Amino acid sequence: MTLGTEILISAILLLGAGMLLVGSIGLARLPDFYTRLHAPTKATTLGIACIVLASMLDSWINHDLVSVKEPVITLFLLITAPVTAYMLSKAALHYRVRPVKRTQNQHLINTARNQQPPKATDMTE
């Protein structure tokens, strides 16, 4: 391994660790449920993606291995994190979890809460 690849892989690992740290602090410190959703869905997902990318680079450069596992793990995380956040936020809306007072566009909460799913007959047309 050359010094340049070591620096590159280490920088990506540190970036991922920093993102994970920021996401974890945000999860613990942000004021309400809705803002806490952003920390694990954005920062920690990007942090995990950076760590998996560093692992891919290490196995490719140092061991001449091209692995399929890491891209699949990254794709799975990038697909499931927003879906999970959406499901959690919809559940919080229906359980009437209150946002902090300074949250913007609070008048849209009742509209989103009262929104009904499309009827089965509407989907066939």
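Guide: Quick ground rule first: a residue is buried under 20% relative accessible area, exposed over 50% and partly exposed in between (1.4 Å probe, protein chains only). The model is predicted, so local features need pLDDT of at least 70 and side-chain atom pairs count only at pLDDT 80 or more, while totals for chains, interfaces and linings use all residues. Residues are numbered from 1 along each chain as its sequence is written, and side-chain values use heavy atoms, with hydrogens and water left out.

Visitor: Is valine 66 buried or exposed?

Guide: Valine 66 sits in the loop between H3 and H4, where helices are DSSP runs (H or I, at least four residues) numbered from the N terminus. Its relative accessible area is 69%. That is over the 50% cut-off, so valine 66 is exposed.

Visitor: Which residues make the nonpolar surface patch of about 320 Å²?

Guide: Candidates need over 30% relative accessible area and no salt bridge, and nonpolar side chains (Val, Leu, Ile, Met, Phe, Trp, Tyr) are joined within 5 Å. A salt bridge is a side-chain nitrogen of Lys or Arg within 4 Å of a carboxyl oxygen of Asp or Glu; areas are Shrake-Rupley with a 1.4 Å probe. The members are Trp60, Ile61 and Val66.

Visitor: How far apart are the end C-alpha atoms of helix H3?

Guide: H3 covers residues 38–63, which makes 26 residues. The expected span is 1.5 Å times one less than the number of residues, so H3 should span 38 Å. The model agrees, with the ends apart by 36 Å.

Visitor: Where does H3 bend?

Guide: The bend at a residue is the angle between axes fitted to the seven residues ending there and the seven starting there. For H3 that angle is about 30°. The residue in question is one of the buried ones of H3: threonine 44.

Visitor: What covers the buried residues of H3?

Guide: The buried set of H3 includes Ala39, Gly47, Cys50, Val52 and Leu57. Contact means heavy atoms within 4.5 Å. The cover includes helix H1 (3–29), helix H2 (33–36) and helix H4 (69–94).

Visitor: And how far does H4 reach from its first C-alpha to its last?

Guide: H4 has 26 residues, with 38 Å expected at 1.5 Å a residue. Its buried residues include Glu70, Thr74 and Leu93, with cover that includes H2, H3 and helix H5 (108–114). End to end, H4 reaches 37 Å.

Visitor: What is the phi of aspartate 64?

Guide: Most residues other than glycine have a negative phi. Aspartate 64, which follows H3, goes the other way although it is not a glycine. At 66% relative accessibility, aspartate 64 counts as exposed, and its phi is about 55°.

Visitor: What is the phi of arginine 96?

Guide: Arginine 96 comes just after H4, in the loop between H4 and H5. It is exposed, with a relative accessible area of 53%. Its phi is positive in a residue other than glycine, near 60°.

Visitor: How far apart in space are leucine 65 and threonine 103?

Guide: Leucine 65 is in the loop between H3 and H4, and threonine 103 is in the loop between H4 and H5. In sequence they are 38 residues apart. C-alpha to C-alpha, the separation is 48 Å.

Conventions: Helix = DSSP H or I, 4+ residues; strand = E, 2+ residues; numbered from the N terminus. Patch = residues over 30% accessible without salt bridge, like charges linked within 9 Å, V, L, I, M, F, W, Y side chains within 5 Å.
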